[in-house]
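Please open the model in your viewer and keep the sequence panel beside it, since each stop of this tour asks you to select something and look at what is there.

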Amino acid sequence: MNAVADGSALNLAELAAIDDLALLARTVVAPLGAGLQHSAHTGTSAEFAQYRPYTPGDDTRFVDWKVYGRSDRLHIRQFTDETSMRCTVLLDCSGSMEYGSGDVTKFQYARMLARRRPHPAVEPTTGCHRFRRLPP
Amino acid sequence: MPPRGNRAWTHRLLVELARQVPGGRTDTVGTLRYVGDALPANGIVVLISDLLHPVDTVIEHLRLLRGRRHDVLVLQISDEAERTFPFDRSVVLSDLEGDREQFAVPDAVRAGYLENRQRHFDAIREACLAAEIDIEEFVTHEPLQNGFRRFLRRRQDAVRSRRRRRATT
């Protein structure tokens, strides 16, 4: 068994297996993660959202000329925007997490979870708050 | 640490995690209140904790996070000895977040302890499920992926049943 750096008894093969779960998660979890969340605002993705009448100052690249040909009115094509999902991890660092009757303490285990994408559908581009007491 | 998308930041995050040493008292409620106020709505909040806190206040703040349209996940960390209380000789139990110590005869306190523990976590679990908050217990004696598999399976079922419920209403 290959012990990982922080002294856990989990071997590397077991940890590596979680990457496969990430693939599974992408298919079963509701849309989460970078670029998968539809924003309330319109933007520049490939997915068409709606038409709206042209107003001076709009980017003419988005004018739909076919609609103009049919209706003689200028319309702008709008697309849905996509934003990155913000994932916040709250890691309990209180004294009770120090307990461990086996090879790893609760804190070491929790830290491994936090490090290994606590939400398997989320890319490891998250922030992390550890807490005992936060500053006021 | 705020979120960033680059490798250097991920490295800093890992270093910061490695530096952390547990200790002191928990203030989960204060943390959840701060997070609820400070974070923009509509994200994912993952709480990794042993959940040894007063039930009502923690649930109330988790519900507030749901109210701000966060997808809230609670990963409960338990130790096997906490779940079974396997001691067979008299023990001195020390409070890791204070300075209290309590002498205990395992056979005399085991049943009451396990019952209280079960009641505590049942209350948290029921309140979480009612608020559409996913909760999963991870036991430190089992490999990480076992907990993840259970979590994903349970979440898949929960997401399906929520969709069905919304479709019928």
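Begin this tour of a predicted model by selecting helix α6 of chain B, residues 144-168, whose 25 residues should span 36 Å at 1.5 Å a residue, and whose end C-alpha atoms do lie 36 Å apart, so the expected and computed spans agree. While α6(B) is still selected, colour B:L144, B:Q145, B:G147, B:F148, B:F151, B:L152 and B:R155, which are buried residues of this helix.

Next, select helix α2 (residues 28-38) and helix α3 (residues 55-67) of chain B, which pack with their axes 9 Å apart and at an angle of about 15 degrees. Because the angle is under 35 degrees, α2(B) counts as roughly parallel to α3(B). The crossing of α2(B) past α3(B) is left-handed, and to see where the two helices touch, show B:T28, B:V29, B:L32, B:R33 and B:G36 from α2(B) together with B:T57, B:V58, B:H61, B:L62, B:L64 and B:L65 from α3(B).

Now move to strands β3 (residues 91-94) and β4 (residues 101-104) of chain B, which pair in the antiparallel sense over four bridges. If you pick B:V91, you will find its bridge partner in β4(B) at B:A104, and following the chain from β3(B) to β4(B) takes you through the six residues of a hairpin.

Finally, select chain A, where you can trace three helices and four strands, arranged from the N terminus in the order α-β-α-β-β-α-β. Of the 136 residues in chain A, 31% are buried.

Key: Residues are numbered from 1 along each chain as its sequence is written. Chains are lettered from A and ligands numbered from 1 in the order in which they are written. This is a predicted model: local features need pLDDT of at least 70, side-chain atom pairs count only at pLDDT 80 or more; totals for chains, interfaces and linings use all residues. A residue is buried if 20 or more other C-beta atoms lie within 10 Å of its own, exposed if 12 or fewer, and partly exposed in between; C-beta atoms are placed from the backbone. Two strands pair if DSSP finds at least two bridges between them. The expected span of a helix is 1.5 Å times one less than its number of residues. Axes are lines fitted to C-alpha atoms, for helices over the stretch in contact, and angles run from 0 to 180 degrees between N-to-C directions. Angles under 35 degrees count as roughly parallel, over 145 as roughly antiparallel, 65 to 115 as roughly perpendicular and the rest as oblique. A crossing is left-handed if the near helix is turned anticlockwise from the far one by less than a right angle, and right-handed if clockwise. Two residues are in contact if their C-beta atoms, placed from the backbone, lie within 7 Å.
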